[in-house]
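Dear colleague,

I am handing over the structure below, and after it you will find my notes on the charged side chains. Please read them with the coordinates open beside you.

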Amino acid sequence: GLGHWRPAIPATGDLEREAWLWLSAQGTGRLPVHCYFGSQDRFVEGQRRIAGALAPQRVREMPGGHDWSAWKTLWDEFLADTRVVMEGKVPR
């Protein structure tokens, strides 16, 4: 699986492989990664692969494509989800 994959990265770099390698790293103190995407986005296959490597509570697939309307909806959902998490952690 992703956690055991060690790609060969050329000296000139390979941004996509480097991003996947970073995503597979399981380190403490790392900020959580979230993946919010539209189910009609033209990049949905890759986004579903990324989502499969994340905790389910950090993934949202919603209707929409690769456009501003979908991104705004996804952003609003991310902010609402994050607010709920933060409110539960912030002492009153």
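To begin with helix α3 of this predicted model, the side chains of Lys-72 and Asp-76 meet there in a salt bridge, with a distance of 2.8 Å from N to O. The two residues are four apart in helix α3, which means that about one helical turn separates them. Lys-72 is exposed, its relative accessible area being 51%, whereas Asp-76, with a relative accessibility of 36%, falls in the partly exposed class. There is also a network in the model, in which salt bridges with shared partners join Arg-60, Glu-77 and Asp-81.

One of the pairings with Arg-60 can be described in more detail: Asp-81 forms a salt bridge with Arg-60, and the closest N and O atoms are 3.0 Å apart. This pair links distant parts of the chain, since Asp-81 belongs to helix α3 (residues 68-89) and Arg-60 to strand β2, with their positions 21 residues apart in the numbering. As for accessibility, Asp-81 counts as buried because its relative value of 18% lies under the 20% cut-off, while Arg-60, at 25%, counts as partly exposed.

Strand β2 takes part in a further pairing, in which the side chains of Glu-61 and Arg-48 meet in a salt bridge at 2.5 Å, again taken from N to O. Here too distant parts of the chain are linked, with Glu-61 in strand β2 (residues 59-62) and Arg-48 in helix α2 (residues 44-52), the two being 13 residues apart. Both partners are partly exposed: Glu-61 has a relative accessible area of 37%, and Arg-48 has a relative accessibility of 41%.

How many salt bridges does the count come to under the rule applied here? The count comes to five, and the pairs set out above are among them.

Finally, a word on another arginine, Arg-30, which is found in the loop between α1 (15-24) and β1 (35-38). Its relative accessible area is 28%, so Arg-30 is classed as partly exposed. Once its neighbours within four places in sequence are left aside, Arg-30 is in contact with Trp-22, Leu-23 and Ala-25.

With kind regards

How values were computed:
Residues are numbered from 1 along each chain as its sequence is written. This is a predicted model: local features need pLDDT of at least 70, side-chain atom pairs count only at pLDDT 80 or more; totals for chains, interfaces and linings use all residues. Side-chain values use heavy atoms; hydrogens and water are left out. A salt bridge is a side-chain nitrogen of Lys or Arg within 4 Å of a carboxyl oxygen of Asp or Glu. Buried means under 20% relative accessible area, exposed over 50%, partly exposed in between (1.4 Å probe, protein chains only). Contact means heavy atoms within 4.5 Å.
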